[in-house]
Amino acid sequence: MALLFINAKIITAQTLSIGPMVGLNVSTLSAAPNTKNLLGLTLGGFANYSVNDHFGLGAKIMYSQLGSAYNYNDDLNRLHYIQIPLTAVYYFGDPGATFRPKVFAGPYLGTLLRANHKSSDEVLQTDGTPMYNKIDIGGLVGLGFNYRIQSRTWLNVDAGFGSSFTDVTKTTDNIYHNLAFGLNVGVSFPVSKD
């Protein structure tokens, strides 16, 4: 009974909010010669779980366009991912403040949906097999702020940098990592009450 009472108190002290998110990122592939940054779209949803006044956990499920363009022609390699980042978040300032800066960091898991050239043709190796691995595991760090729109409804602004830990290609000549800087904006709505 005591454990149930303690858990009930902890749960009521914590809050959960969810909402939609949209943004842009600038990406490239590390170690890829003659490439330049490529602008892409991010779109999805997120959940914030506040453990206490300053610490929380965040989860997102996002469609993300990554890849790189080329310096020597107008072609590109567009990588379409579903990414799931899980982050620890630290909120600064008074919990009653309208403006709350934050920092966050954590791992992400990405699943490649498609890799295509500008022509929409699939990106293949010389032997006709797919060039990119289906799974991308990496890390994300960033900062941002939450701005209270009304009671427990927040504008969320996140700016972050993500990098793969694993080789995203199936080539053997080099190791390539996704590198991306993203800016995302969302609105969170409460799911549970204080």
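How many bridges join strand 7 to strand 8, and do these strands run parallel or antiparallel? In this predicted model, the two strands run antiparallel and are joined by 12 bridges. Let's use that pairing as a way into the structure.

Strand 7 covers residues 135–150, and strand 8 covers residues 153–164. Together they form a hairpin with two residues between them. If you look into the turn, you will find Arg152, which has a positive phi of about 60 degrees. Further along the pairing, Phe145 stands opposite Val157 of strand 8.

Strand 8 also pairs with strand 9, residues 178–190, again in the antiparallel sense, here over 10 bridges. Within this second pairing, Asp158 has Asn184 of strand 9 as its bridge partner. How enclosed is strand 8 by the rest of the structure? Of its 12 residues, 10 are buried, so strand 8 is largely enclosed.

Let's step back to the chain as a whole. The protein chain has one helix and nine strands, and the helix comes at the N-terminal end of the series, with the strands following it. The C-alpha trace spans about 65 × 35 × 25 Å along its principal axes. Of the 194 residues, 42% are buried. Among contacts with a separation of 6 or more, 63% are between residues 24 or more positions apart.

Now for the interior. The largest nonpolar core has 12 residues, including Leu29, Leu66, Tyr81, Leu112, Val168 and Ala180. Strand 5 and strand 6 are the elements that give two or more residues to this core. Tyr81 is a good residue to click on here: beyond its neighbours within four places in sequence, Tyr81 contacts residues that include Met62, Leu66, Gly110, Leu112, Asp136, Val168 and Asn178. Two of these stretches of sequence can be followed in the strands, since strand 5 is residues 76–91 and strand 6 is residues 99–116.

Finally, turn to the outside. The accessible surface of the protein chain comes to about 10400 Å², and carbon and sulfur atoms account for 67% of it. One feature to look for is a nonpolar patch of about 640 Å², made by Ile61, Ile84, Leu86, Leu109, Ile135, Ile137 and Phe165. Strand 5 and strand 7 each supply at least two residues of this patch, while Leu109 lies in strand 6. Is Leu109 buried or partly exposed? Its relative accessible area is 39%, so Leu109 counts as partly exposed.

Methods:
Residues are numbered from 1 along each chain as its sequence is written. This is a predicted model: local features need pLDDT of at least 70, side-chain atom pairs count only at pLDDT 80 or more; totals for chains, interfaces and linings use all residues. Side-chain values use heavy atoms; hydrogens and water are left out. Patches are made of residues with over 30% relative accessible area and no salt bridge: like charges are joined within 9 Å, nonpolar side chains (Val, Leu, Ile, Met, Phe, Trp, Tyr) within 5 Å. Accessible areas come from the Shrake-Rupley method with a 1.4 Å probe; for residues, only the protein chains shown count as cover. A salt bridge is a side-chain nitrogen of Lys or Arg within 4 Å of a carboxyl oxygen of Asp or Glu. Helices (H or I, at least four residues) and strands (E, at least two) are DSSP runs, numbered from the N terminus. Buried means under 20% relative accessible area, exposed over 50%, partly exposed in between (1.4 Å probe, protein chains only). Two strands pair if DSSP finds at least two bridges between them. A nonpolar core is a set of buried Ala, Val, Leu, Ile, Met, Phe, Trp, Tyr and Cys residues joined through side-chain atoms within 4.5 Å. Contact means heavy atoms within 4.5 Å.
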